[in-house]
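Biologist: I should like a close look at one helix of this model, together with the parts around it. Please take me through it in order, and state the cut-offs behind each term.

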Amino acid sequence: MRTLLITGPGGSGRTTTAAATALAAAREGTRTLLLGTDPTDPTDPADPTDPLHSALGAETTPHLTTRRIDPDTTAREDLTALQTRAAPALDLLGTPRLDPEEFTPLPGAEELAILRALRDAALDDSYDLLVVDLPPTPRALTLLALPEELRRYLRRLLPPERQAARALRPMLGRLAGVPMPAEWLYETAARLDLQLAAVEAVLADRGTVVRLVAEPGPAGADAVRTATLGLALRGLRTDALIANRVLPESDPDSWLAGPVAQQRKTLDEWRQSYDVHPVAHLGRDPRGADDLAALAVPPAPTGSGTVTWPVTDHLADDDGVLVWHVPLPGARRDELDLVRRGDEIVVTAGPFRRTVPLPSALRRCTVAGAALRDGELRIRFRPDPALWPRTR
């Protein structure tokens with residue numbers, strides 16, 4: 001399945017763009033699933049007052065299915081299942097059970113519900129295309145970083161090698177009369193790690209791309225630069241920038257002349273760095289399938305590819321280094337920071353930070369410097385004589 005993740009600043013029209021993209025694909029005969037992640041978005045076909053109801057209802061558009069995530073229900077089901085699995089430990093502690101009605105969503109429950117829905121939808125072979133209306137950009141970037149960060153925390157807090165004494169736990173469990181909580185803890189961590197790994201696999205898949213939506217203007221330009229930087233640091237591939245609500249050319253004496261000129265300036269700047277697709281302002285909020293079709297959004301991408309961070313060998317040159325190329329479009333030198341920590345390197349770019357494992361060859365090297373050129377961070381590594389294999 002191809003997966004298209006759509007995000008943009010709040011109020012940029014990302015939900016409308018997602019709906020129009022899904023509708024266009026369905027009308028071409030592509031089995032499409034539109035997944036809404038915003039509790040307030042208009043993707044619920046059960047609401048007859050929804051202006052997009054006629055476009056998104058599966059009963060009126062063949063090949064199109066819409067689904068909206070219910071984080072409250074998902075969190076309640078997860079907590080109930082967790083309580084069931086932890087029953088032996090709770091019995092040992094004499095802790096009474098909680099009724100499902102007592103559960104309320106915890107912080108982070110919505111994000112985990114979105115990730116689970118994304119994983120399940122991407123693995124459903126009933127569809128050819130998955131269009132995901134992600135939350136606004138800041139939340140979307142946090143959401144997309146969550147699987148990798150949670151897996152890293154699990155590995156640090158519960159490293160697999162600590163399970164060496166696992167053979168002793170059954171005996172201890174028989175002595176106590178119940179399974180030991182430590183075994184349950186490791187099993188739960190392993191189960192969560194497997195689920196997060198499945199989400200990571202979806203995000204890293206060759207058929208997964210991110211599409212940005214923004215209105216051309218100073219605020220939109222800042223939001224796009226920040227979003228592009230955050231996505232690049234996570235190694236996510238972007239395919240296009242939808243310049244939404246583009247105003248028509250007007251008379252120089254019209255009051256629209258100023259906004260039009262400002263939009264034109266931003267569009268010219270964007271075209272130097274992005275694959276820009278202007279979408280005209282209809283003069284009203286889109287209502288129904290005809291208005292969505294009139295937006296003429298670009299079709300979902302059919303190609304595939306991944307973002308790579310290659311290592312080039314310059315050992316035979318005068319520098320005698322290995323260079324790690326990290327694409328960071330939109331990065332600024334004064335916002336970059338690098339910290340080597342064991343076999344990992346912590347990269348800070350603007351408001352974003354990511355801890356990345358070093359490629360195997362670079363683990364036996366020391367950092368010799370870094371430079372930002374043409375939107376690419378180039379980190380130089382020099383072989384450590386104490387660790388690098390010697391040639392006779």
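How many residues does helix H6 have, and how far does the helix reach from its first C-alpha to its last?

Modeller: The model is predicted, so local features are given only at pLDDT of at least 70 and side-chain atom pairs only at pLDDT 80 or more, while totals for chains, interfaces and linings use all residues. Residues are numbered from 1 along each chain as its sequence is written, and side-chain values use heavy atoms, with hydrogens and water left out.

Helix H6 covers residues 137–157, which is 21 residues, and reaches 30 Å from its first C-alpha to its last. That is close to the 30 Å expected at 1.5 Å a residue, where the expected span is 1.5 Å times one less than the number of residues. Helices (H or I, at least four residues) and strands (E, at least two) are DSSP runs, numbered from the N terminus. H6 nevertheless bends by about 45° at Leu146, and a proline, Pro147, follows within four residues. The bend at a residue is the angle between axes fitted to the seven residues ending there and the seven starting there.

Many positions of H6 are listed as buried, among them Leu141, Leu143, Leu144, Pro147 and Leu154. Buried means under 20% relative accessible area, exposed over 50%, and partly exposed in between, with a 1.4 Å probe and protein chains only. Charged residues of H6 are also buried, including Glu148, Glu149 and Arg152. Those three residues are joined with Arg234 and Arg354 in a network of salt bridges. A salt bridge here is a side-chain nitrogen of Lys or Arg within 4 Å of a carboxyl oxygen of Asp or Glu. Side chains of opposite charge can pair when their charged atoms come close. By this rule, the count of salt bridges comes to 19.

The next part to consider is the sheet. Its 3 strands form an open sheet in the order E10-E11-E12, paired in the antiparallel sense. E10 and strand E12 (352–357) are the edge strands, each pairing on one side only. Neighbouring strands of this sheet are turned by 15° against each other on average, direction ignored. H6 packs on the sheet and touches E10, E11 and E12, its direction making about 45° with that of E12. Contact means heavy atoms within 4.5 Å; axes are lines fitted to C-alpha atoms, for helices over the stretch in contact, and angles run from 0 to 180 degrees between N-to-C directions. Helix H9 (residues 218–233) lies across E11 and E12, running at about 15° to E12.

Within the sheet, strand E10 (residues 336–341) pairs with strand E11 (residues 344–349) in the antiparallel sense over 6 bridges, two strands being paired if DSSP finds at least two bridges between them. In this pairing, Asp337 has Thr348 of E11 as its bridge partner. E10 and E11 form a hairpin with 2 residues between them, and Gly342 in the turn has a positive phi of about 60°. At this hairpin, Arg341 and Glu344 meet through their side chains in a salt bridge of 3.2 Å, N to O. Arg341 counts as partly exposed because its relative accessibility is 38%. On the other side of E11, 6 bridges join E11 to E12, and these strands run antiparallel. Here Val346 has Thr355 of E12 as its bridge partner.

Two other salt bridges may be set beside the network on H6. Arg14 and Asp133 form one, at 3.5 Å from N to O. This pair links distant parts of the chain, with Arg14 in helix H1 and Asp133 in strand E4 (residues 129–133), 119 residues apart. Arg14 has a relative accessible area of 7% and is therefore buried; Asp133, at 0%, is buried as well. Asp268 forms another salt bridge with Arg271, the closest N and O atoms being 3.5 Å apart. Both residues lie in helix H10 (residues 257–271), 3 residues apart, about one turn of the helix. An α-helix has 3.6 residues a turn, so residues three or four places apart point the same way. Asp268 is partly exposed at 41% relative accessibility, and Arg271 is partly exposed at 45%.
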